Amino acid sequence: MELIFDGLLKALTLIFSLDPEVMGISLLSLKISGLATLISLVLGVSGGTALALTRFPGRQIIISLVNTGMGVPPVVVGLFISILLWRSGPLGALGLLYTPAAMIIAQTVIATPIVMGISLSAIQNLNPRLRFQILALGATRVQMVWLLVREAKLPLLAAVMAGFGGVISEIGASIMVGGNIKGYSRVLTTATVMETSRGNFETAIALGIILLVLAFGVNAALTFIQQWEKR
Amino acid sequence: MKKQAMALVLLLASLLAFPVGGALAAEKNLILATTTSTQDSGLLDLLLPAFEKDTGYFVKTIAVGSGQAMAMGEKGEADVLLVHSPAAEKKFMEGEFGVDRKLVMHNDFVLVGPPSDPAKVSGAKLTAEALKKISESGSLFLSRSDKSGTHSKELALWKVAGIAPDGQKWYQQTGLGMGQTLSVASEKEGYTLADRGTFLSMKKNLSLAVLVEGESNLLNVYHVISVNPAKWPKVNAEGAKAFNDFMVSGGAQEMIKTFGAEKYGQPLFTPDAGKKVEELGK
């Protein structure tokens, strides 16, 4: 109990003293996971919408793959991305392993199926007659897709939150492809693990609290946007 | 809707506005694969800034067990290693994966366990004797089992004791680093083998005591090894050489000599540059 209190105190001290290392780590967490979420948003929403609106052979298999992808363990993603990015691996020439860029790639791979799966069901859940109505009003196909995406914006924002929540709290893949390098690829989750193994439990708790606050802050902002019209 | 979309775009754009520091110029990067003990003790936090300032290299430290560090070296995924697993290092050198293996420093291993010492190992002259007592009394022993230097030392000690602990009920394998294994041992009231540095740096959170120490067999010797550029043309040979030289330089050795003295009452490592392994501990 005392430890948790100490951790809380330390978190507040670290936050309010604007400790440069902790600020750097937090900002990097936000950047990496934010960018990964953004990329997965583009890929996931467009892919999910396309899957929802088209019919082609093999579609069921792709949807099954996306649904499986929603639950793929991040460490497995980390392992495969590491193998791809090794100097001796197929993408080794890019020199990406142990960089923040590698972490963005891994997190994008983790988040994209989540965003895609939720987008797919969001668009499919719209009333099918809506499509015909929009088309009957003379909309082009692009306009129709745009209107459908707008109509499904609430569940789509939920997809963003699920994707972001999944990657900012992720540790296995991040530490494998990022390497937890001080001042460079150390993020909140990897730093928390390291401080725990160093026996610096107060600092670890402090970092954990900062992570929670960040995740809450971003989700609160998104929820605010999501619920804006519903007031 | 427009306002919300704008807000969302602004939020995301503000994230993008901080460019993520991508790959720095490749030749100024140096990948150091090392053991968790050098990172967890905080020694590298002291040494690396000095090295980076001197040479302009940016060191990417990957803290893993000695075994994994050498596996990275064998694949050319690291440029330079700082490890403490002499038997495995010899194999590594024989396979021509490394060049320039130099003695850097040592500390020692200690057998730690619950202060109540249920197996009555305290004061045993030989660690192998203590291990025998642990196995005979069936007291819990925690093994790292992660192919680290500590793990391979532990296995060698079991061999000396003539015991095959694998599969025994009292022998549990954590698969974790040193710090975490010490925490597990403390919580479960078990024995474990630890390097003194990590034990001292974590002592305040543990209910464990040093029970066996001082045997010459318990020396924990660290070497720096450059990965062989002839085998892996992609390794940063120049950077590895610079780091290799730095670790045995007077400045680094002086930092090692005093590191930890203030905080733990005794230095965590003894600098050994230029010495021979056989001379240590005498």
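Me: What makes the pairing of the B:Asp108 and B:Arg196 side chains a polar contact?

Reply: In this predicted model, the side chains of B:Asp108 and B:Arg196 are joined at 2.7 Å. The cut-off for such a pair of N or O atoms is within 3.5 Å, so the term applies.

Me: Where does B:Asp108 sit, and which residues is it in contact with beyond its neighbours within four places in sequence?

Reply: B:Asp108 belongs to strand β4 of chain B, residues 98-113. Apart from those sequence neighbours, its contacts include B:Ala194, B:Asp195 and B:Arg196, along with B:Gly214 and B:Leu218.

Me: Why is B:Asp108 called buried?

Reply: Its relative accessible area is 15%. Buried means under 20%, so B:Asp108 qualifies.

Me: How do you know whether A:Asn180 is buried or exposed?

Reply: Happy to go through that one too. A:Asn180 has 5% relative accessibility, and the limit is under 20%, so this residue counts as buried. A:Asn180 lies in the loop between α9 (172-178) and α10 (188-197) of chain A.

Me: And why does B:Glu189 get the label it has, buried or exposed?

Reply: B:Glu189 has a relative accessible area of 58%. Exposed means over 50%, so B:Glu189 is exposed. Its place is the chain B loop between α8 (178-188) and β7 (191-195).

Me: What makes the phi of A:Asn180 worth a look?

Reply: Most residues other than glycine have a negative phi. A:Asn180 is not a glycine, yet its phi is positive, near 55°. B:Glu189 also has a positive phi, near 55°, in a residue other than glycine.

How values were computed:
Residues are numbered from 1 along each chain as its sequence is written. Chains are lettered from A and ligands numbered from 1 in the order in which they are written. This is a predicted model: local features need pLDDT of at least 70, side-chain atom pairs count only at pLDDT 80 or more; totals for chains, interfaces and linings use all residues. Side-chain values use heavy atoms; hydrogens and water are left out. Helices (H or I, at least four residues) and strands (E, at least two) are DSSP runs, numbered from the N terminus. Buried means under 20% relative accessible area, exposed over 50%, partly exposed in between (1.4 Å probe, protein chains only). A polar contact is a pair of N or O atoms within 3.5 Å; within protein, one must be able to donate a hydrogen and the other to accept it, and residues adjacent in sequence count only if both atoms are side-chain atoms. Contact means heavy atoms within 4.5 Å.
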